[in-house]
Structure formats: structure tokens, C-alpha cells
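Reader: I would like a close look at one part of this structure, namely how a pair of helices meets and what lies in the interior around it. Please take it step by step.

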Amino acid sequence: MKAAVWHGRKDIRVEDVPLPGAPPAGWVQIKVHWCGICGSDLHEYVAGPVFIPVDKPHPLTGLKGQCILGHEFSGEIAALGDGVTGFTVGDRVAADACQHCGECYYCKHGMYNICERLAFTGLMNNGAFASLVNVPAELLYRLPDGFPTEAGALIEPLAVGMHAVKKAGSIVGETVVVVGAGTIGLCTIMCAKAAGAGRIIVLEMSAARKAKAMEVGATVVLDPKECDAVAEVKALTGGYGADVSFECIGHRDTAKLAIDVIRKAGKAVLVGIFEEPSSFNFFEIVATEKQVIGSLAYNGEFADVIRFIADGRIDVQPLITGRIALDDIVSGGFEELVAHKDRNVKIIVQPGQPGRVAALAAEPELVH
């Protein structure tokens, strides 16, 4: 089968690879319908290796070096491994990407997303930029009848936003700030709105992303290049600051900004992936009793997202800005995202379709 294989920085190749083979006990094989290009995939392309193990095999999966990318995906079950119950061949499913050991302290206490041997599908084990992929059955979520096929590839990034919102506790009626309106920022806006946030203030500099933030549920968008964002947030909140903030960029300056925009005893949830350290005076936390909370991936939030998409509380259509075939994943996917990141949110890939770039964001609606 053809697959998009990471070989190194700026070196992703669409090439013929062996079929994955029959799924082992407790696993299933999925025929991939759609798979989204994630920010972490882009990091591997531009600056990798970031997460892909290259010095020694991963302790859970044994993978080292070359890796089939792709972890934001949905499809249908093609084969069942021994002992798998509750699913049948042909079921339409989405798969959580957090492969975990089930044995460490965190797995045993319901925190599998911080497993000691955590392995993300498509980064530490072969992923879904291919016709077929094998994954543990415990990671599967069945899609309801009538659930949009393409929407299945958006469940994973939305689950990241949903997990962050849950980490903040109840935000019903509260004022929240979302720092950054990239894919995860937009997903967090949508999830915060679905969770009942009173006002959603977004900090973003890109004109295209400002517009997209308003489209998906922001109350107001502030540009830190054009105003004092902290002062503006305080002016909108009676001088106090927001109740909660979500940092969705992963930059040392925006981390501090996320803390500065909240009121005393407020909560700052850090969602972005940080590539470099920062200096920070932690007395600012002590003196204000602000809470800084880390949020990694998700822990069961696929179910919430599927329910919210199915009942209409979340509409994924604004997030999909490109649909391409696997053959075009480098030029129409990775290079497109590098060159035109402001006009793109989520480019999704259809591995089973040969040929050139498919219809892009001009498509009026999702294909069911």
C-alpha cells in the first residue's frame, strides 16, 4: 500500500510499504477514510525529529526512525484481532491516538494520556496516512449513523480543546480568553462555547484567523500588535481580568500573556506545545493565587466531541480548509501549510484516492 513516511526533516515520502498484517490480539485494522494533518505532523516535517524516536526504539511500540505519520483519522473496521468484542467489521469508527501501557501508575488511575510509556499513533507507531492502520481496540469510538464521514478526522483536535476546557472546571457564564486561533485555538473556542462560556475573548494577529475565530464563536478578537491585550481584557471585565485563559500557541511570551490576562485566583490552562524554556517570576502566581494548569491531548473526550458534533453543538465545517489525496500530501498539504498557514486550518487527506489535489474549502458542505 502507499503511505506517507517520515524519513527526516523536510523529507516525507509517499511510497509503497508492506501492508500492516493481521491485527494482533486486542487490536483492530482500520481502512482509513480521512486523516487530518496535525500541527505535530508539521513540526516533524519542518523541524523533526520532535516526537519520533530516532536514537532508540520506543519502549512501548519498538518503533525507531521511519514512521508513517497521521493520527487524526476515521474509517471503518477491516479486521478484528483475537479477543476484540463490541465491534464488527464494517463499523465506522474514530480512534484515540494515545497508545498506552495500562500498567503504570497513571494508566491505573485513569490518566492514560500521561502514561509513562505513552506512544502517539503516527508519531511513535505507524499511523493513518495510509490505506490501512492497526490500533488497539480500546482506543476506538463508534460513529453514530449519519455522522459526517469527514467530521471523523476532526474529532481528535477537538478532543484536545475539550480536554483543556474540562481541565478548567465549569466555565458556564464565565469570561474566557483563548490565546491563538490556530487549529487548537479554534477547537478550544468551539468547545468553550459548547460548554457554556459567557464571553470568549480571542487574542490573534492573523487577519484570516481573526475572521475564523469570530465564525466559530468568539465574542471579540483583540490583536496584541494593535493594542495592550492585558489592558483591553481588563477593560472588558470591570478591571479584573478573565476568569480562565487557554494558551494555544506554545510560545514563552504567550504563556506569560495567558497568565497576565486572568484575574486573581483565575485559571490559565496551557495547551500549546512549547519548544523552548522561558523565564518567569513565580511570585506572580503566589501573590495572586492564580492557577496554572497543564493540558495534554485528551482522556476520553472523544465521546463528548462525537456527541456534540452529532447533536449540532459543534459544526466542524469551518475547520476544513482543504481536501487532498495522499499523493499530494507534501505539495498540497505540508508545503501548503508552511507557505499559507494563515489561510489554512485543517487539511484532510483521503489515502484511498489517487491523483491530484481534491476540492478545497470552496466545497459548500461536508460529504456524509
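Author: What follows goes from a helix pair to the nonpolar cores and then to a single serine. The model is predicted.

Start with helix H3, residues 155-167, and helix H9, residues 302-310. Their axes are 8 Å apart, and the helices pack at an angle of about 110°. Angles of 65 to 115 degrees count as roughly perpendicular, so H3 is roughly perpendicular to H9. On the H3 side the contact is made by Ile155, Glu156, Leu158, Ala159, Met162 and Lys166. On the H9 side the residues are Phe302, Asp304, Val305, Ile306, Phe308 and Ile309. Nine residues of this contact are nonpolar, three are charged and none is polar.

Leu158, one of the H3 residues in that contact, also belongs to the largest nonpolar core, which has 96 residues. Leu158, Phe246, Tyr298 and Ile314 are the residues with the most contacts inside that core. Leaving aside neighbours within four places in sequence, Phe246 is in contact with residues including Ala164, Val165, Ala168, Val176 and Val269. Val179 is also in contact with Phe246, yet Val179 is part of a second, separate core of 16 residues. That second core also includes Val233, Leu257 and Ile262.

Last, a residue from another helix. Ser40 sits in helix H1, residues 39-47. Its relative accessible area is 13%; buried means under 20%, so Ser40 is buried. Not counting residues up to four places away in sequence, Ser40 touches Phe51, His71 and Leu123. Between Ser40 and Val135 there are 19 Å in space, C-alpha to C-alpha, and the two are 95 residues apart in sequence.

Conventions: Residues numbered from 1 in each chain as written. Predicted model: local features only at pLDDT ≥ 70, side-chain atom pairs only at ≥ 80, totals over all residues. Heavy atoms only, no water. Axes fitted to C-alpha atoms, helices over the stretch in contact; angles between N-to-C directions. Helix = DSSP H or I, 4+ residues; strand = E, 2+ residues; numbered from the N terminus. Parallel < 35°, antiparallel > 145°, perpendicular 65-115°, else oblique. Contact = heavy atoms within 4.5 Å. Nonpolar A, V, L, I, M, F, W, Y, C, P; charged D, E, K, R; others polar. Buried < 20%, exposed > 50% of the residue type's maximum accessible area, 1.4 Å probe, protein only. Core = buried A, V, L, I, M, F, W, Y, C linked by side-chain atoms within 4.5 Å.
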